[in-house]
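Colleague: I'm new to this structure and would like a close look at a single part. Could you pick one of the helices, walk me through it, and then show me what lies around it?

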Amino acid sequence: MGRAGDDYDEPGGSWRPFWLVAGVLGLLAVLDLVLPGPGGPPLLGVLAAVAVLGVVAAGVVSARRAWTVRVDAAGDAPALSVGPERMPLADVDATHLRAVGAGTAGVDAGAPVLGGGWSLPRGRSGLPLRTNDGRTVLVPTRDPAALAAALLAAVPDTGDGVPGGRGTLGT
């Protein structure tokens with residue numbers, strides 16, 4: 001869980017790969033200094049390490065921007081956000097969300113992933129959400145139970161459990 005004011009905050013990526021690569025590069029640098037033999041140009045080694053760490057850091061930052069899941073119930077416009085995409089909490093059907101938790105409801109075939117993408121990111125499962133107009137989306141999360149609990153605590157219970165006239169893709 002994260003920043004002040006957020007009811008739920010699930011980072012889209014971890015800095016662990018960056019620090020693992022930095023550790024391996026540090027170990028290689030120490031071995032280069034300790035082991036006998038001709039060493040390579042130090043400037044080339046530093047440039048290579050900076051380039052590799054830069055690529056890994058770019059991947060981490062991209063994942064955090066694209067797949068961070070937040071439920072922000074405070075403020076003027078309470079919303080669920082996945083990366084840059086936001087869904088107002090008033091649009092979430094709480095009755096369907098409770099049914100998903102009970103195992104009596106699921107997701108429509110072909111439901112889009114909130115936040116974009118063709119499929120769920122690796123390591124995440126999809127929490128099915130139905131909007132009050134009847135469309136269904138999948139929210140990518142590592143902890144569906146915690147996200148569902150945060151949504152149920154934040155969503156106004158105005159849904160009547162009857163889907164609207166629109167299908168999964170809004171038609």
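Modeller: Happy to. Let's take helix 2, which covers residues 42–67. Its 26 residues reach 38 Å from the first C-alpha to the last, close to the 38 Å expected at 1.5 Å a residue. One thing to keep in mind while you look around: this is a predicted model.

Which residues of helix 2 are buried? They are L53, V56, A57, V60 and W67. Those buried residues pack against strand 1, helix 1, strand 2, strand 3 and strand 6. That gives us a list of neighbours to visit.

Before we do, here's the whole chain. It has 4 helices and 6 strands, and from the N terminus on they run β-α-α-β-β-β-α-β-β-α. Of the 171 residues in the chain, 31% are buried. Take the contacts between residues at least 6 apart in sequence: 68% of them join residues at least 24 apart. The chain exposes about 9900 Å², with carbon and sulfur atoms supplying 64% of that area.

Now to the neighbours, starting with helix 1. This helix spans residues 16–34, and L31 is one of its residues. L31 is partly exposed, at a relative accessible area of 37%. You'll also find L31 in a nonpolar surface patch of about 800 Å², alongside V24, L27, L28, V30, L33, V34 and L35.

Next come strand 1 and strand 2, two more of the elements that the buried residues of helix 2 pack against. Look for R70 and D9, whose side chains meet in a salt bridge, with 3.4 Å from N to O. R70 belongs to strand 2 (residues 69–72) and D9 to strand 1 (residues 8–10), so this pair links distant parts of the chain, 61 residues apart. How covered are the two partners? D9 is buried, with a relative accessible area of 10%, while R70 is partly exposed at 24%. Another residue to find here is D7, in the segment before strand 1. The C-alpha atoms of D7 and R70 are separated by 7.6 Å, although the two residues are 63 apart along the chain. D7 itself is partly exposed, with a relative accessible area of 37%.

Strand 1, strand 2, strand 3 and strand 6 come up again when you turn to helix 4, since they are among the elements that cover its buried residues. Helix 3 and strand 5 are also part of that cover. Helix 4 runs over residues 144–154, and its buried residues are L147, A148, A150, L151 and A154. Seen down the helix axis, these fall within an arc of 165°, so they line one face of helix 4. And which residues are exposed on the other side of helix 4? There you'll find A145 and A153.

From strand 5 we can follow another salt bridge: R130 pairs with D93, and their closest N and O atoms are 2.8 Å apart. R130 lies in strand 5 (residues 125–130) and D93 in the loop between strand 4 (85–88) and helix 3 (94–102), so the pair ties together parts that are 37 residues apart in sequence. Both ends are tucked away: R130 is buried at a relative accessible area of 12%, and D93 counts as buried at 3%.

D93 has a further partner in T131, which sits in the loop between strand 5 and strand 6. Leaving aside neighbours within four places in sequence, T131 is in contact with M87, D91 and D93. T131 counts as buried too, at 7% relative accessibility.

One more salt bridge is worth a stop. It joins the side chains of D133 and R135, at 3.2 Å from N to O. Here D133 is partly exposed, with a relative accessible area of 23%, and R135 counts as partly exposed at 29%. In total, the chain has 3 salt bridges.

So, back to where we began: the buried residues of helix 2 pack against strand 1, strand 2, strand 3 and strand 6, as well as helix 1, and those four strands also help cover the buried residues of helix 4.

Note on methods: Residues are numbered from 1 along each chain as its sequence is written. This is a predicted model: local features need pLDDT of at least 70, side-chain atom pairs count only at pLDDT 80 or more; totals for chains, interfaces and linings use all residues. Side-chain values use heavy atoms; hydrogens and water are left out. Patches are made of residues with over 30% relative accessible area and no salt bridge: like charges are joined within 9 Å, nonpolar side chains (Val, Leu, Ile, Met, Phe, Trp, Tyr) within 5 Å. Accessible areas come from the Shrake-Rupley method with a 1.4 Å probe; for residues, only the protein chains shown count as cover. A salt bridge is a side-chain nitrogen of Lys or Arg within 4 Å of a carboxyl oxygen of Asp or Glu. Buried means under 20% relative accessible area, exposed over 50%, partly exposed in between (1.4 Å probe, protein chains only). The arc is that of the directions from the helix axis to the C-beta atoms. Contact means heavy atoms within 4.5 Å. The expected span of a helix is 1.5 Å times one less than its number of residues.
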